[in-house]
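Subject: Structure handover

Hello,

Here is the structure I said I would pass on. My notes on what turned up in it follow below.

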Amino acid sequence: AVVSTQSTGEIAIFSPAPPKGPPSRKFGLGVQHVVPGDVITEEPGFLRGHGTQIIDGKLVACVCGVVERVNKLIVVRPIKSRFQSEIGDVVVGRIVDVGNKRWKVDINAKQYGILLLNSINLPGGVQRRRTQEDELNMRTFFAENDLIVAEVQSVFGDGSASLHTRSAKYRRLVDSGLFLAVHPKLIKRTKEHFHKLPCGIDLSLGQNGYIWMTESLVSNEVDVNMDHF
C-alpha cells in the first residue's frame, strides 16, 4: 500500500500482511482441494466426516482430496481410492469363488461383490424358483476366472455390493477379447456403458475401472460416444 502525507510530502510504502492459515487451493467453480494437515474450517457446529479429523478444535484434512459439504457435514473425497459401488453401477468383474448359492466377484473394490443364485438369468430366460439342481450346476452358469458384466443391485452395510445379471446385457463375457484396468475415477457415471466402435469393436465400460474389448459380432449398427475419454 502507498500512503502520501501532505505536510511533509513524503511517501510511505507498506507491504500487506501475509494471509493467515494454509494457502488457498481452490480451482474451478469453488472446488477446494486439500492435503493432509490443511485446516478446512475453524467455525464451530460442523460435523466431521470421512477424511477429516479434529485438532485443537479445528477440522483438518487427513487425506488428499476434494472437500464436499452437505449441510453441516464436511467430508474429503480422496482423489485416488478403491472403487466404491453405488446402486445402479455397471461393473465388469471376475469370478473368484463359487460358494453356497452365491459367487464372489472381484470388482476392484475393498471387498468382493456378491452375486446370488437368485439374481441371475436362467438359460432361455425361464422364470422359476431356483432348485437344488441349479445349486449343483452353478459352475455351468459362472465358473472361477470367468469375466462377467453385472449391475449393482444393493450395497450392504459393510460396503460390499450385491450384484445381479437379470438383463440380457448382463452376462458372461466371451473368451476372446482384451481386458483393461484403469482408475475408476476415469470412468464417468452415465446411462450407457456399452458401445460399438466404428472399427468393429464392442466396448464394455465398467464403472469400477475394468474395461472389456472384443470384436463386434454385428457391425451394421455403430454407436460411438467418446465423451467418456
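I will begin with a single residue, Lys101, which is partly exposed because its relative accessibility is 46%, between the 20% and 50% cut-offs. Lys101 sits in the loop that connects β11 to β12 (102-106). Its phi is positive, about 60°, although Lys101 is not a glycine. Please keep in mind that this is a predicted model.

Asn71 is a second case of this kind. Phi of Asn71 is near 55°, again a positive value in a residue other than glycine. Asn71 belongs to the loop between β9 (65-70) and β10, and with a relative accessible area of 77% it is exposed.

The chain as a whole

The chain has 229 residues, of which 34% are buried. Its secondary structure consists of 2 helices and 19 strands. If one takes the contacts between residues at least 6 apart in sequence, 53% of them join residues at least 24 apart. The accessible surface is about 14,900 Å², and carbon and sulfur atoms account for 53% of that surface.

Surface patch and pocket

On the surface there is a nonpolar patch made up of Leu47, Val70 and Leu73, which together have about 260 Å² of accessible area. Leu47 is part of strand β6 (residues 47-48) and is partly exposed, at 49% relative accessibility.

The largest pocket holds about 730 Å³ of space. It is lined by 28 residues, and those closest to its centre are Ser81, Arg82, Phe83, Gln84 and Ser85. Which strand gives the most to the lining of the largest pocket? That is strand β10 (residues 73-78), with 3 residues.

Salt bridges

Side chains of opposite charge can pair when their charged atoms come close. The whole structure contains 8 salt bridges. Lys58 and Glu42 make one of them. Lys58 is in strand β8 (residues 58-61) and Glu42 is in the loop between β5 (39-41) and β6, so this pair ties together parts that are 16 residues apart in sequence. The N to O distance in the pair is 3.9 Å, which is within the 4 Å cut-off for a salt bridge. Lys58 is partly exposed, with a relative accessible area of 33%, whereas Glu42 is exposed, with 54%.

Arg139 and Glu144 form another salt bridge, in which the closest N and O atoms are 2.9 Å apart. Glu144 is partly exposed, at 31% relative accessibility.

In a further pair, the side chains of Asp202 and Lys196 meet at 3.2 Å, N to O. Is Asp202 buried or exposed? Asp202 is buried, because its relative accessible area is 18% and the cut-off is 20%. Lys196 has 26% relative accessibility and counts as partly exposed. Elsewhere, Glu86, Asp89 and Arg189 are joined into one network by salt bridges that share partners.

Two residues and their contacts

Val96 lies in strand β11 (residues 90-98) and is partly exposed, with a relative accessible area of 34%. Leaving out neighbours within four places in sequence, the residues in contact with Val96 are Lys104, Val105, Asp106, Tyr112 and Glu144. Of these contacts, Glu144 is the residue that forms a salt bridge with Arg139. Val96 and Asp106 are 10 residues apart in sequence, and their C-alpha atoms are 6.5 Å apart in space.

Ile87 is placed in the loop between β10 and β11. At 62% relative accessibility, Ile87 counts as exposed. Not counting residues up to four places away in sequence, Ile87 touches Val152, Gln153, Ser154 and Val155. Ile87 and Ala161 are 74 residues apart in sequence but 8.4 Å apart in space, C-alpha to C-alpha.

Regards

Note on methods
Residues are numbered from 1 along each chain as its sequence is written. This is a predicted model: local features need pLDDT of at least 70, side-chain atom pairs count only at pLDDT 80 or more; totals for chains, interfaces and linings use all residues. Side-chain values use heavy atoms; hydrogens and water are left out. Helices (H or I, at least four residues) and strands (E, at least two) are DSSP runs, numbered from the N terminus. Buried means under 20% relative accessible area, exposed over 50%, partly exposed in between (1.4 Å probe, protein chains only). Contact means heavy atoms within 4.5 Å. Accessible areas come from the Shrake-Rupley method with a 1.4 Å probe; for residues, only the protein chains shown count as cover. Patches are made of residues with over 30% relative accessible area and no salt bridge: like charges are joined within 9 Å, nonpolar side chains (Val, Leu, Ile, Met, Phe, Trp, Tyr) within 5 Å. On a 1 Å grid over the protein atoms alone, a cavity is a set of points where a 1.4 Å probe fits but cannot get out, and a pocket is an open set with protein on both sides within 12 Å along at least five of seven lines; lining residues have an atom within 4 Å of a point. Grid points are joined across faces, edges and corners, and a volume is the space filled by probe spheres set on the points.
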